[in-house]
Amino acid sequence: MEKVIGIDLGTTNSCVSVVENGAAVVIPNRGGYKTTPSMVAMTEAGKRLVGHLAKRQAITNAENTVYSAKRLIGRKWNSPQVKQVASSASYSIVEGPHNDVRIQLRDKPHSIPEISAMVLAEMKLIAEEYLGHEVTKAVVTVPAYFNDNQRQATKDAGAIAGLDVIRIINEPTAAALAYGFGRNIDRTVAVYDLGGGTFDISVLEIGSEGVFRVVSTNGDTFLGGEDFDARVIDWLVDGFKAEHGIDLRKDRMALQRLKDAAEKAKIELSSVREVEINLPFIISSGRNEALHLQRVLTRAEFEKLTGDLVDRTVEIVRQTLDDAGLSRDDVEDVVLVGGMTRMPRVERAVAEFFGREPSKGVHPDEVVAVGAGIQGAALGEESSMQSKVVLLDVTPQTLGMMVAGGLFEPLIPKDTTVPTMRTKSFTTSRDNQTAVKILVMQGENDQADKNELLGEFILTGLRRAPAGAVEIEVTFEINADGIVSVHAKDLETGKEQSITVTATSGLTPDELRDMIDAGEQYAVERKRDEEYEGRKQEAESLIHEIERLFEKVAKVVGGSDYGRDALDKAHTVIEKTRAAIARRDTEALTQQVDALSRTLRMFKGVVQKA
Ligand code: AMP
């Protein structure tokens with residue numbers, strides 16, 4: 001039975017879980033941590049580092065260390081969000097070939113799905129080491145507010161990592177699943193999720209039959225912990241500038257250190273009332289003297305710096321309830337998700353708004369992965385769970401197309417339960433029009449160009465006729481992953497054309513295939529490298545032990561021909577091992593490890609007898 005893992009691919013941290021014996025287990029990584037930083041780095045030697053290893057060297061290798069790639073996934077090069085990230089990131093962001101975004105790591109630009117794939121591959125590996133077998137299927141979560149481009153790109157990332165993403169589910173829905181699964185409850189809950197990069201709010205009805213129905217969802221994909229960090233960074237930079245007249249933003253290394261210090265201070269302020277931020281030798285002055293940064297930040301000051309961010313989340317919550325036609329009293333429980341909800345001011349704001357203390361039962365960092373794992377098991381072959389979970393999610397943004405005058409014609413309104421399908425008929429607008437172009441968009445603006453363009457396609461070969469005489473039927477479909485496909489049909493000729501709207505997710509099918517191949521290749525190389533490293537360590541410790549005994553053994557048997565022969569042989573084995581290490585020859589090394597073990601046994605025997 002193939003296990004399906006659940007992955008929470010977070011902006012800041014990622015987490016993986018799997019259901020075993022009916023319960024979801026959050027799987028720790030090699031370091032024993034249940035969450036892994038969503039960071040990727042390339043060392044000078046061209047070695048890829050992911051997770052804690054990447055985070056640990058971020059300061060000294062800031063330009064080649066990527067964090068928060070999720071903020072860029074599925075976005076267009078010329079979008080304001082990309083500009084914002086580009087202006088503050090310590091790595092360099094370059095334009096891709098399809099108005100997409102690439103990140104330069106050493107000498108190579110990488111697409112965002114490739115970067116996210118490195119994180120996903122790491123989560124896959126963590127699960128494989130725990131389960132002891134290969135894993136190929138996963139449920140991956142995304143912010144509810146992700147549009148089609150972002151979902152597609154996340155799916156692409158899965159494919160590059162060697163994972164078949166069998167379902168994409170929304171983070172708040174996953175959280176509700178973790179909260180309500182198996183509890184046989186019947187209630188309306190709000191999931192307030194403030195993570196590293198995104199804010200999401202969803203209202204769900206949980207029914208005792210295991211039905212999880214999303215009533216309304218809303219969010220901001222550019223509002224999260226990093227914005228809180230940024231406020232602290234601004235405060236530090238401004239203070240430093242006032243004192244020394246030097247702009248620390250100009251120095252990438254200083255900026256990375258500030259970023260680390262700001263996040264650390266923020267986290268500490270969740271449990272203490274003030275912190276001292278201390279960054280010695282942050283930069284040198286024009287006269288070559290080292291300058292230090294040292295300031296005290298109080299919780300009150302921090303709350304003042306970030307008050308508007310918290311208010312913005314509350315405003316979105318209010319809007320979401322309004323959209324759903326619900327009052328605060330209709331919400332019977334509030335689930336907090338995301339590391340940022342540990343900030344006391346955030347928790348207080350939520351409690352004040354709803355007039356009730358949030359539920360404490362679920363772990364904010366793990367709950368989304370747990371939900372994904374449960375959904376994975378339900379979709380997989382864990383048959384006992386299949387009947388117990390029914391997820392009825394909604395589409396977070398209105399789907400429609402551009403019509404005459406640049407207006408946006410909605411076809412599937414936001415908050416419609418998915419999967420869903422809508423059909424609409426249109427007529428040609430010009431005489432003898434033989435082709436019609438369909439621009440598929442997502443968003444809430446009446447002006448089409450203010451919404452996100454998902455893709456476009458052209459239906460050709462229409463009959464020449466006066467305007468209005470040819471009728472075209474357009475069908476928009478959203479599947480359970482929230483992914484859009486559209487097809488158009490000329491009703492007269494029956495001619496049809498369809499697309500899965502991938503045109504602007506950034507990667508062509510060829511590119512994607514190449515990246516999947518490269519991903520596979522990397523996995524093979526990594527496995528080979530690890531095997532080699534393991535053998536090498538084994539060999540080196542055997543050599544060490546043999547060399548330690550050498551003198552003693554030589555004393556005992558060195559007098560005889562037989563003994564000298566044995567010592568020579570031991571030398572030869574060691575030499576051959578060192579040569580295999582130098583050649584990185586794992587196969588030879590495996591043989592040498594056997595030979596070394598035999599030598600060591602013999603040596604130990606001699607020493608014991610003597
Ligand atoms: P997530 O995306 O859910 O992993 O949330 C990560 C965000 O939560 C990051 O911005 C962290 O800095 C922040 N965070 C983690 N722990 C705390 C804490 N104790 N207090 C405040 N923020 C935190």
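The secondary structure of this protein comes to 14 helices and 27 strands, and I should say at once that what we are looking at is a predicted model. Taken along the principal axes, the C-alpha atoms fill a box of roughly 110 × 65 × 55 Å. Of the 610 residues, 53% count as buried, and the accessible surface comes to about 27500 Å², with 48% of that surface belonging to carbon and sulfur atoms. If we take the contacts between residues at least 6 apart in sequence, 66% of them join residues at least 24 apart.

The chain is divided into four parts, and you may want to follow them on the screen: domain 1 covers 4-224 + 307-392, domain 2 covers 225-306, domain 3 covers 399-500 and domain 4 covers 516-609. Notice that domain 1 is written as two stretches, 4-224 and 307-392, and that domain 2, at 225-306, is listed between those numbers. As for the other two, the C-alpha centres of domain 3 and domain 4 lie 68 Å apart.

Let me turn to the ligand. Which domains supply its surroundings? The shell around the ligand draws at least three residues from each of domain 1 and domain 2. Altogether 13 residues surround the ligand, and the closest are Gly196, Glu263, Lys266, Ser270 and Gly339. Sorted by character, the shell divides into 2 nonpolar, 8 polar and 3 charged residues. Helix H7, which runs over residues 252-268, gives the most to this shell, with 3 residues.

Some individual atom pairs are worth pointing out here. An N or O atom in the side chain of Glu263 lies 2.6 Å from an oxygen atom of the ligand, while a polar side-chain atom of Asn13 lies 3.4 Å from a ligand oxygen. For Arg342, the partner is a nitrogen atom of the ligand, which is 3.4 Å from an N or O atom in the arginine side chain. How much of the ligand's accessible area does the protein cover? On its own the ligand has 500 Å² of accessible area, and the protein covers 88% of it.

Now to Ser14, a residue in strand S2, which spans residues 13-20. Ser14 counts as buried because its relative accessibility is 0%, and the cut-off for that label is under 20%. Its side chain reaches the backbone nitrogen of Gly10 at 3.3 Å, and the side chain of Ser14 also makes a polar contact of 2.9 Å with the side chain of Ser38. Leaving aside residues up to four places away in sequence, Ser14 touches several others, among them Asp8, Lys34, Thr36, Val119 and Met123.

The next stop is the loop between strand S21 (407-412) and strand S22 (420-427), where Lys414 has its place. Is Lys414 buried or exposed? With a relative accessible area of 19%, Lys414 is buried, so here the label depends on a value that falls under 20%. The side chains of Lys414 and Asp323 are joined by a polar contact of 3.4 Å, and the residues that Lys414 touches, not counting those up to four places away in sequence, include Thr217, Asn218, Pro396 and Glu444.

That loop between S21 and S22 also holds Asp415 and Pro419, and each has a backbone feature to look at. Most residues other than glycine have a negative phi, and most peptide bonds are trans. Asp415, although not a glycine, has a positive phi of about 70 degrees, and the peptide bond from Val418 to Pro419 is cis, with omega near -5 degrees. A positive phi, near 50 degrees, is also found at Phe281, which sits in strand S16, residues 274-284. Phe281 is exposed, because its relative accessible area of 57% is over the 50% that the term requires.

I will finish with Leu507, in the loop between strand S27 (496-500) and helix H12 (509-557). Leu507 counts as buried because its relative accessibility is 10%. Along the sequence Leu507 and Pro97 are 410 residues apart, yet in space their C-alpha atoms are 8.9 Å apart. With residues up to four places away in sequence left out, the contacts of Leu507 include His98, Arg102, Asp156, Ile160 and Met515.

Technical notes
Residues numbered from 1 in each chain as written. Predicted model: local features only at pLDDT ≥ 70, side-chain atom pairs only at ≥ 80, totals over all residues. Heavy atoms only, no water. Near = heavy atom within 4 Å. Polar contact = N/O pair within 3.5 Å; in protein donor to acceptor, adjacent residues only side chain to side chain. Areas by Shrake-Rupley, 256 points an atom, 1.4 Å probe, with all protein chains shown as cover. Helix = DSSP H or I, 4+ residues; strand = E, 2+ residues; numbered from the N terminus. Nonpolar A, V, L, I, M, F, W, Y, C, P; charged D, E, K, R; others polar. Domains from an automatic or database assignment. Buried < 20%, exposed > 50% of the residue type's maximum accessible area, 1.4 Å probe, protein only. Contact = heavy atoms within 4.5 Å.
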